[in-house]
Amino acid sequence: MSSIVWFRRDLRVADNPTLQAACLSCGDIAFVYVHAPEEEAPWAPGAASRWWLHHSLAALDAELAKRGQRLLILRGASAPVLAALAKDIGARDIHAGTLMEPAIRCRDEVVRQHLAEQGIALHLHAPNLLSDPEAVRTAKGEPYRVFTPFWRQVRSKLMPDAPGPVPQLPNPPGVSVQRDALDALRLLPRVAWDFGFDADWTPGEAGAHRALSDFMDDVSRYAEARNRPDQAGTSRLSPHLHFGEITPRQIAWAMRGRGQFDPGEAFLRELGWREFCHHLLWHFPYTTDAPMDARFADYPWQQPPDPALLAAWQQGRTGIPMVDAGMRELWHTGWMHNRVRMIVASLLTKNLRIHWLHGARWFWDTLVDADLANNTAGWQWTAGSGADAAPYFRIFNPVLQGQRFDPRGDYVRRWIPELSKVPAPSIHSPWTLSVAEQRDFGIDDTPYARPLIDLAQTRNRALEGLAEMRNARPHDARANSQPG
Ligand code: FAD
């Protein structure tokens, strides 16, 4: 009996429970990717993600080709497309990895029912996580809303098994349905804004393992270097993890195998944040678009946002060096350092009082690692409306953050050539230089002499807004946070 492996975001052949389960069935297997982005709306993959997806699908096809198989690319609504393929090859079983996004969960239910009516079973296998979001519960049996006890429970049970090998792949079945070429999906941008991406990234399973291996040489430095955007101190594994090109189990196992489990503890904890974000998305699916803390529905956001301010933030033209450097890094590379993500998100949601969803959507379109669980939690955390969020009065000061985490200004100078002549003591607050100095350093005619906003005034206004909100609805912050 033939079966189908439906690849979605588990684009690898090793340590893949979906592939292993299908291979146990002993028959022929068709490997398929079905392109139906509208089924993921309103969070269909953004432009940078589509770039990654194109290259990752090509890499997966190459991996399968090495083993005598090919990736079938099909377009159209998932349910009828899969049913037609199953009929074509006589398959009764379709295997896929579980995804957590609310729209995809609904879609998968529709697919399951449609297939069941035709006698075909959809088997959803474990998601690409270290923990099962249903199994991790508080003593009262509820989902966690606070990271530390969540991670304590997950970490205490974390003794990863050896990752699964690449199974022996059977022969491809004869397929007569109309297939598409990868290029027909038009995932790559028509206007070439992606020229920086090729230099920075190697999408695909092999690229993921190379990134892990490079990082393993430095993992013992991670605890101190992870907050420094001026240093290459983090793994940059996020897009590989998002697309399932590597598993957290493979990562944890690699650390253990090299005796790095202890030095890597800080790193494992960050993987723990990824677990926590997925736990939240699974149990509180409405948080992709609504605040977890219901009081934030009353926050006096600037509605509609000033388009000039929003565009300046998006394009890295606010005149605040750490913020502009981060936004330009994002545009050029499709990635931004975590510390800088928090700084730019705080400026948007607090100083500019622009709703976090405007920021989340911009990140969604521009990040190669755009991930609904991590992005939602990151924005809600910074805005103060999320689970275990930053205290409402915590407003990142981009000048102090820059002085602390980019002390020589190397990060800022890399992304803002206008500031190349400004010396370190003033690089994070160039507006404090005298007019003559600004002229000498060539910044007198730039936003760095007169930033778009006054950080102190906008901070105070944000605190007033937060006080108004708290007075308007001082009830229990969890009133709206019912599990989904
Ligand atoms: P490392 O420091 O090497 O960490 C290893 C892995 O742990 C990461 O690849 C990631 O999978 C996970 N991780 C690390 N930090 C976090 C975190 N704070 N939350 C959840 N998982 C984490 N991450 C995304 O993958 N996709 C997003 O769309 C995304 N949006 C964000 C938006 C905001 C406003 C903020 C503040 C954070 C966001 N993050 C997101 C989390 C974090 O910034 C990135 O995961 C991290 O910068 C990726 O770089 P890295 O792989 O070098 O991380």
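Where does the ligand sit? In this predicted model, the ligand sits in the largest pocket.

## The ligand and its surroundings

The shell around the ligand draws two or more residues from each of four named elements, which are helix H9 (238-242), helix H11 (265-283), helix H14 (338-351) and helix H16 (372-383). Of these, H11 gives the largest share of the shell, with six residues.

In total, 28 residues surround the ligand, and the closest are Tyr-222, Thr-234, Ser-235, Arg-236 and Asn-338. When the residues of this shell are divided by character, 15 are nonpolar, seven are polar and six are charged.

## Polar contacts and burial

Several pairs of polar atoms can be picked out between the protein and the ligand, and they involve both backbone and side-chain atoms. At Ser-238, a backbone N or O atom lies 3.1 Å from an oxygen atom of the ligand. At Asn-374, by contrast, an N or O atom in the side chain is 3.1 Å from an oxygen atom of the ligand. For Glu-270, the partner is a nitrogen atom of the ligand, which lies 3.2 Å from a polar side-chain atom of that residue. The ligand taken alone exposes 820 Å², and the protein buries 95% of that area.

## The protein as a whole

The protein that holds this ligand has 20 helices and five strands. Its radius of gyration is 24 Å, and because the globule rule gives a close value of 23 Å for 484 residues, the protein is as compact as a globular protein of that length. Taken along the principal axes, the box that the C-alpha atoms fill is roughly 80 × 50 × 45 Å.

## Backbone features in the loops

Two cis peptide bonds deserve a look when the chain is followed through its loops. One of them runs from Ala-41 to Pro-42 and has an omega near 5°, and Pro-42 has its place in the loop between strand S2 (29-35) and helix H2 (47-66). The other joins Gln-303 and Pro-304, with omega at about -10°, and here Pro-304 lies in the loop between H11 and helix H12 (307-315). Helix H11 is also the element that gives six residues to the shell around the ligand.

A further backbone feature is found at Asp-15, a residue other than glycine whose phi is positive, near 45°. The loop in which Asp-15 is found lies between strand S1 (2-7) and helix H1 (17-24).

How values were computed: Residues numbered from 1 in each chain as written. Predicted model: local features only at pLDDT ≥ 70, side-chain atom pairs only at ≥ 80, totals over all residues. Heavy atoms only, no water. Near = heavy atom within 4 Å. Polar contact = N/O pair within 3.5 Å; in protein donor to acceptor, adjacent residues only side chain to side chain. Areas by Shrake-Rupley, 256 points an atom, 1.4 Å probe, with all protein chains shown as cover. 1 Å grid on protein atoms, 1.4 Å probe; cavity = no way out; pocket = protein on both sides within 12 Å on 5 of 7 lines; lining within 4 Å. Sits in = over half its atoms within 2 Å of the grid points. Nonpolar A, V, L, I, M, F, W, Y, C, P; charged D, E, K, R; others polar. Rg over C-alpha atoms; globule rule 2.2 N^0.38 Å.
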